[in-house]
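Subject: Structure handover

Hello,

Here is the structure I said I would pass on. My notes on what was found in it follow below.

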Amino acid sequence: MPFTANRAFKRAPRLLVSAKDMHYVAADGHRVLDGTAGLWCVNAGHARESIVRAIAEQAATLDYAPGFQMGHPLAFELARRVAALTPDDLNRVFFTNSGSEAVDTALKIALAYWRARREPERLWFVGRQRGYHGVGFGGTSVGGIPANRRQFEGQLLPNVDHLPDTHDLAHNAFSRGQPAWGAHLADALQTLIASHGSRAIAAVIVEPMAGSTGVLVPPKGYLERLRDLCDQHGILLIFDEVITGFGRLGAPFAAQQFGVTPDMITMAKGITNAAVPMGAVAVRTRIHDAIVDAAPDGIELFHGYTYSGHPLACAAGLATLDLYEREGLFARSAELAPYWADAIHRLDDARHVIDVRNVGLVGAVELRPRDGKPGARAFDAFLDCLEHGVLVRVAGDNIALSPPLIVTTEQIDEIVEAVAQALRRIS
Ligand code: PXG
């Protein structure tokens with residue numbers, strides 16, 4: 001099983017058998033309120049009728065079409081719809097099947113771009129500590145989670161550096177929204193540029209808000225400073241918006257929420273409301289054109305997947321984007337954010353808590369680790385919440401929360417109350 005303690009799971013399995021709107025049903029029949037939108041992906045809630053119908057109809061109409069040298073209209077339609085949501089001129093879209101594939105695709109596009117621009121010496125990628133970019137060799141290499149790298153060390157990509165992460169409890173504990181402290185941490189990029197030479201770096205990749213390692217909200221001015229440094233040195237800036245895309249922070253993408261436009265956006269999860277696996281990379285038109293125009297006749301980018309733009313995923317994607325629009329879910333996420341912030345910060349004084357942070361409809365509660373047992377306390381909180389009918393997510397010693405955007409204020413209270421109760425009960 002993925003990222004799972006297999007032996008422990010088999011001793012005490014936790015199985016979900018059905019889902020509708022805000023709730024799962026577990027194998028023993030008890031209802032579980034979804035405080036995590038599955039794994040940050042079911043933004044419109046579960047088993048939504050219009051998406052279910054679109055997938056079923058598509059399976060009966062065109063189950064599969066080859067994507068190499070052939071195409072089908074829905075892929076182009078979805079690309080246009082995605083491009084309408086992305087900022088500025090990030091208007092060219094490449095489909096993948098997951099966030100990991102989107103990240104590796106973006107890194108390859110960066111290299112292809114610099115070759116097309118006749119700067120093939122731009123080979124370095126810069127990621128960030130505590131960054132998560134999926135599990136491909138590219139994403140694992142630019143990712144900054146030591147445990148995810150250890151088993152593969154020695155054979156990850158060379159020419160990768162990492163910026164420091166922005167999380168420092170001495171300066172930004174209990175921030176509401178973006179912390180005031182930390183913009184200067186982006187200046188580490190300046191140091192890397194100085195050491196490698198200004199034309200050695202192909203791209204910088206960051207999650208605008210780091211999700212998997214416990215909701216690290218970018219300090220005010222931080223992303224702006226990264227953007228400025230990339231501009232000064234011609235470096236491509238990639239935002240990995242696999243979690244932050246599709247309204248989780250209020251705007252369609254975090255790029256718009258924070259007012260900083262990258263050169264590429266990787267996305268997945270919410271693009272299909274997780275009903276069919278899909279990822280994508282949106283790139284600036286000039287990046288697309290540089291690669292395509294520089295190529296001799298024939299294939300311009302030697303990359304792609306059997307299931308790039310799969311018809312079922314496209315049908316799910318189109319129905320999902322329609323649903324987001326029809327129900328105004330991105331605006332709803334933005335409207336609920338202040339209520340969410342108030343609710344989650346009620347945990348500021350709770351037992352074991354050393355930080356609470358929030359942005360959009362995302363939050364994290366960081367717990368003091370048990371001596372010698374990192375993560376154990378938060379895992380017990382997760383089990384306690386699940387037993388009492390609320391699904392939360394554990395990231396190290398953080399409890400991460402990110403409900404579907406259809407969550408009600410009563411359900412927000414229920415999620416927060418479950419965490420509060422769990423913190424009273426666990427040791
Ligand atoms: N980039 C980011 C920013 C992600 O959050 C990926 C890439 C990889 O996507 P795929 O589709 O290949 O898994 C992710 C995935 C968690 C959790 O609990 C987060 C993810 C996946 C599973 C669990 O934080 N993010």
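**Strand β11 and its hairpin**

Five of the seven residues of β11 are buried, so this strand is largely enclosed by the rest of the structure. Please keep in mind throughout that the model is predicted. β11 runs antiparallel to β12, and six bridges join the two strands. Within that pairing, Arg357 has Ala364 of β12 as its bridge partner. The two strands form a hairpin with two residues between them, and Gly360 in the turn has a positive phi of about 50°.

**The chain as a whole**

The chain holds 16 helices and 15 strands. Its radius of gyration is 21 Å, close to the 22 Å that the globule rule gives for 427 residues, so the chain is as compact as a globular protein of that length. Along the principal axes, the C-alpha atoms fill a box of roughly 65 × 55 × 40 Å. Of the 427 residues, 51% are buried. Among contacts with a separation of 6 or more, 73% are between residues 24 or more positions apart.

**Two domains**

The domain assignment splits the chain into domain 1 (6-48 + 327-425) and domain 2 (53-326). Taken over C-alpha atoms, the centres of the two domains are separated by 26 Å. To the contact between them, domain 1 gives 34 residues and domain 2 gives 31 residues. On the side of domain 1 that touches domain 2, the elements giving two or more residues are α2 (37-40), α14 (329-344), β11 (353-359), β12 (362-367) and β15 (398-401). Both strands of the hairpin described above are therefore in that list, β11 and β12 each giving two or more residues. By class, this side of domain 1 has 18 nonpolar, ten polar and six charged residues.

**The ligand**

Where does the ligand lie with respect to the two domains? Domain 1 and domain 2 both give residues to the shell around the ligand, so it lies between them. There are 18 residues around the ligand, and those that come nearest are Gly99, Ser100, Gly134, Ser212 and Val242. Elements that give two or more residues to this shell are α2, α5 (99-116) and β14 (393-395). Of the elements, α5 gives the most, with three residues. The shell divides into eight nonpolar, seven polar and three charged residues.

**A four-stranded sheet**

An open sheet is formed by four strands in the order β1-β2-β3-β13, with mixed pairing. β1 (16-20) and β13 (390-391) are the edge strands, each pairing on one side only. Strand β2 (residues 23-26) and strand β3 (residues 31-34) run antiparallel and are joined by three bridges. Tyr24 stands opposite Val32 in β3.

**One loop residue**

Is Ala180 buried or exposed? Ala180 is exposed, with 12 other C-beta atoms within 10 Å. This residue is found in the loop between α8 (169-172) and α9 (188-196). Ala180 and Pro218 are 38 residues apart along the chain, and their C-alpha atoms are separated by 9.3 Å.

Regards

Methods. Residues are numbered from 1 along each chain as its sequence is written. This is a predicted model: local features need pLDDT of at least 70, side-chain atom pairs count only at pLDDT 80 or more; totals for chains, interfaces and linings use all residues. Domain bounds come from an automatic or database domain assignment. Two residues are in contact if their C-beta atoms, placed from the backbone, lie within 7 Å. Ala, Val, Leu, Ile, Met, Phe, Trp, Tyr, Cys and Pro count as nonpolar, Asp, Glu, Lys and Arg as charged, and the others, Gly among them, as polar. The radius of gyration is taken over C-alpha atoms; the globule rule is 2.2 Å times the number of residues to the power 0.38. A residue is buried if 20 or more other C-beta atoms lie within 10 Å of its own, exposed if 12 or fewer, and partly exposed in between; C-beta atoms are placed from the backbone. Two strands pair if DSSP finds at least two bridges between them. A residue is near a molecule or strand if its C-beta atom, placed from the backbone, lies within 6 Å of it.
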